[in-house]
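Hi,

Here is the structure I said I would pass on. Have a look at it first, and my notes on what turned up follow below.

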Amino acid sequence: MSNRLKYETSPYLLQHAENPVDWYPWGEEAFQRARDEDKPVFLSIGYSTCHWCHVMARESFADEATAAILNRGFISIKVDREERPDIDNVYMAVCQALTGSGGWPLSLFLTPEKKPFFAGTYYPKTAQYGMAGFCDLLRAIEEAWAHDRENLIRSADALTAVFKERESRRTPSEPENLIERGMSGLVNSFDRTCGGFGRAPKFPTPQNLLFLLQQYEKTGDAHALHMASFTLERMYAGGIFDHIGGGFCRYSTDRRFLVPHFEKMLYDNALLILAYSKAFELTEDRLFLDVAERTAEFLLREMRAPDGGFYSAQDADGEGQEGMYYVLTPGETVSVLGKQAGEAFNAQYDITPEGNFEGKSIPNLLNHPRETERFEAEKQALFAYRKGRVRLSTDDKILTFWNALAITALCALYRISGKDRYLNAALSSNDCLARNAVQGDILYASVKDGVQGSRAFLDDHAAVALMKIALYDATLARGYLNEAVQHAQTAIREYADFDSGGFFYSGSENEALLFRFKETADNALPSGNSIMAYVLSRLSVLKPDALNKDVVEKQFAYLKTQAVLGPTAHTAFLIALSDRERPPVKIVAVGAEDPKEIARLAPLGSNVILLDQKTAEYPLLNDRQTFYLCRGFTCLPPVNELKRDMLLRT
């Protein structure tokens, strides 16, 4: 038995194409049928590598009896949150407002006019764990729709009105000392024993680490460096990092970074490459460079499409069980490596008879956190053994936002490692996006099997502009700056709120949903508004005449009013704000002989301006190539040779 999802390209939707549930993809056809048949809509949102999405699918959506209830009383719609983050964001906000929490799978009940009246996340088929059973919930809502519909619709109308009104308000708070408050918040939540911030579960939140590293770079705050470097060390040492195959899992379920939620996401690994690269630049600690490279090699080996793009995610489940692909027993390692090498590996990587995860062991270095170079041959052998178990499912969508972050990270890694393979991979992926995610002057948010998804959202344009700046930083090819300006201008034209400030998530050309919202706080990813602030700040230095200065100032003014409510939830913006208040080094190169070498020498985050000819403001020294090193309105005397140590001192 197949349903309408069999015609989709999304791996997540295709996972449900053989369900007995009469699924529809999101679209007018489903809502029109709901109106025609006078039924409520059941909306299920998830993604292909989500463990609990798989569980609910097995328990309920593949079950004939549950499907019969859904097919009788509801019109059922499936949405891939990675293809349609706009839909996910709108209805996730509703779920969080109604229940105080959120997550995936996201389960909502709507009127045929798309207005929500009930929301939740995972439901077991029958009541357990103190949770309502999904079948009982369906029967209750079916009964309420038949006999108490006026109250449901009244509730849906009121909830929708609240969100529309909330999104139109601007916070009147006057922001002060945001950077200091952000630092203070991270200090107060820092786990001094295990690294990271707050309690379990612990997410990597690389933007927090990048903010701390930036503050150390600007102020010499040793505690900021300690919080960032200790967290980076402990994340690497823990089971959240795949010591056999490289790359990071999505988050840790425990305080120690030992037991991960095992799916690997492109965006986490991209942002962590950035964080480890910056940490290496500031400390010259080879551990950080090693982790950045091993993470990049995982992406290049397992997440890269033949045409150069990067897939979105790798599944957590193997053989139907979460994490089973990754765990080992002492006997397995000995059988693969031999007795002496196997026992040595077990001792080093905490592979024990009692195990640390459901009777087996997640390899980790929590007892040996600085180990990076030993056992390379053994890890290769275990990687080959592990691959023979089962092939992990990979979501092979090409997501524009996440690919742009990966390209940005590879550019940074190229600059601090000097390895051309990372720049070449970034250029190849950039070409992939240009071929597949762009049609005319339209950018698309995703591509799968040559089929373009919805039009781009704010995050896509912001991240692509960031990516183009990163490509410029790595190559000093001016064409990338022009392309960054184009994406920034598109974002201003289609997404800006000219009345209240900030940028809407959906643009004027996107599908209209219940309301237009603005996302300013960071979650697992930096918000599009924060990325736009950074992009606008960089472009105001690199291409000062390309953008209206009022737009830049208004974006910073708006985000200040938002960040005041929770500075530690806006650290990506605080990075941009800090650069705005205390600009990074600016290098003006006149008549440069080797732009590639300048790009390699320039610190990450610095601004390099190439001038082909001397000007009145920047004359040549000794009729040779000349460099001016400036910060703010102060420049050092010009020099003919650029050296790394003078850049780091500036």
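The second largest pocket comes out at about 890 Å³, in what is a predicted model. Its lining takes in 38 residues, and the ones nearest the centre are Tyr 534, Ile 575, Asp 579, Leu 604 and Gly 605. If you want to sort that lining by class, the second largest pocket has 22 nonpolar, seven polar and nine charged residues around it. Several helices feed into the lining with at least two residues each: H9 (206-219), H11, H16 (400-417), H18 (458-475), H20 (528-542), H22 (571-581) and H24 (644-649).

H11 deserves a word of its own. This helix covers residues 266-283, and its 18 residues reach 26 Å from the first C-alpha to the last, close to the 26 Å expected at 1.5 Å a residue. H11 is also mostly covered, with 16 of its 18 residues buried. Just after H11 you will find Glu 284 with a positive phi of about 60°.

Now for closed space. How many cavities of 30 Å³ or more does a search of the whole structure find? The search turns up one. The largest cavity has a volume of about 80 Å³. Its lining consists of Gly 239, Phe 241, Asp 242, His 243, Ile 244, Cys 249, Pro 260, Phe 262, Tyr 326, Ile 362, Pro 363 and Arg 386. Split by class, the lining of the largest cavity gives eight nonpolar, two polar and two charged residues.

Next, the sheet. Five strands form an open sheet in the order S8-S9-S12-S15-S16, with antiparallel pairing. Strands S8 (264-265) and S16 (451-452) sit at the edges with a single partner strand each, so one side of each has no neighbour in the sheet. Going through the pairings:

- S8 and S9 (residues 311-314) are antiparallel over two bridges, and Lys 264 has Gln 314 in S9 as its bridge partner.
- S9 and S12 (residues 394-399) are antiparallel over three bridges, and Gln 314 stands opposite Thr 394 in S12.
- S15 (residues 446-448) and S16 are antiparallel over two bridges, and Val 447 stands opposite Gln 452 in S16.

The loop between S15 and S16 holds Asp 449. Phi of Asp 449 is near 55°, a positive value in a residue other than glycine. Is Asp 449 buried or exposed? Asp 449 has a relative accessible area of 61%, over the 50% cut-off, so it counts as exposed.

Another aspartate shows up with a positive phi: Asp 623, near 55°. Asp 623 is in the loop between strands S18 (607-611) and S19 (626-631). With a relative accessible area of 70%, Asp 623 is exposed.

While you are checking backbone geometry, look at two cis peptide bonds. One runs from Trp 104 to Pro 105, with omega near 5°, and Pro 105 is in the loop between helix H5 (85-99) and strand S4 (106-110). Another joins Ala 200 and Pro 201, where omega is about -5°. Pro 201 belongs to the loop between helix H8 (178-189) and H9.

On to helix H19 (residues 478-495). At 1.5 Å a residue its 18 residues should span 26 Å, and the end C-alpha atoms are indeed 26 Å apart. The buried residues of H19 are Tyr 480, Leu 481, Ala 484, Val 485, His 487, Ala 488, Thr 490, Ala 491, Ile 492, Glu 494 and Tyr 495. Spacings of three or four places are worth watching for in a list like that, because an α-helix has 3.6 residues a turn and residues three or four places apart point the same way. What do the buried residues of H19 pack against? They pack against H17 (420-436), strand S14 (442-443), H18, H20 and H21 (549-563).

Last, a single residue: Ile 598, in helix H23 (residues 595-601). Ile 598 has a relative accessible area of 4%, so it is buried, the cut-off being under 20%. Leaving aside residues up to four places away in sequence, Ile 598 touches Leu 476, Ala 589, Ala 592, Val 608, Leu 610, Phe 627 and Leu 642. Val 259 is 339 residues from Ile 598 along the chain, and their C-alpha atoms are separated by 42 Å.

Cheers

Notes:
Residues numbered from 1 in each chain as written. Predicted model: local features only at pLDDT ≥ 70, side-chain atom pairs only at ≥ 80, totals over all residues. Heavy atoms only, no water. Helix = DSSP H or I, 4+ residues; strand = E, 2+ residues; numbered from the N terminus. Expected span 1.5 Å × (residues − 1). Buried < 20%, exposed > 50% of the residue type's maximum accessible area, 1.4 Å probe, protein only. 1 Å grid on protein atoms, 1.4 Å probe; cavity = no way out; pocket = protein on both sides within 12 Å on 5 of 7 lines; lining within 4 Å. Points joined across faces, edges and corners; volume = space filled by probe spheres on them. Nonpolar A, V, L, I, M, F, W, Y, C, P; charged D, E, K, R; others polar. Contact = heavy atoms within 4.5 Å. Pairing = 2+ DSSP bridges.
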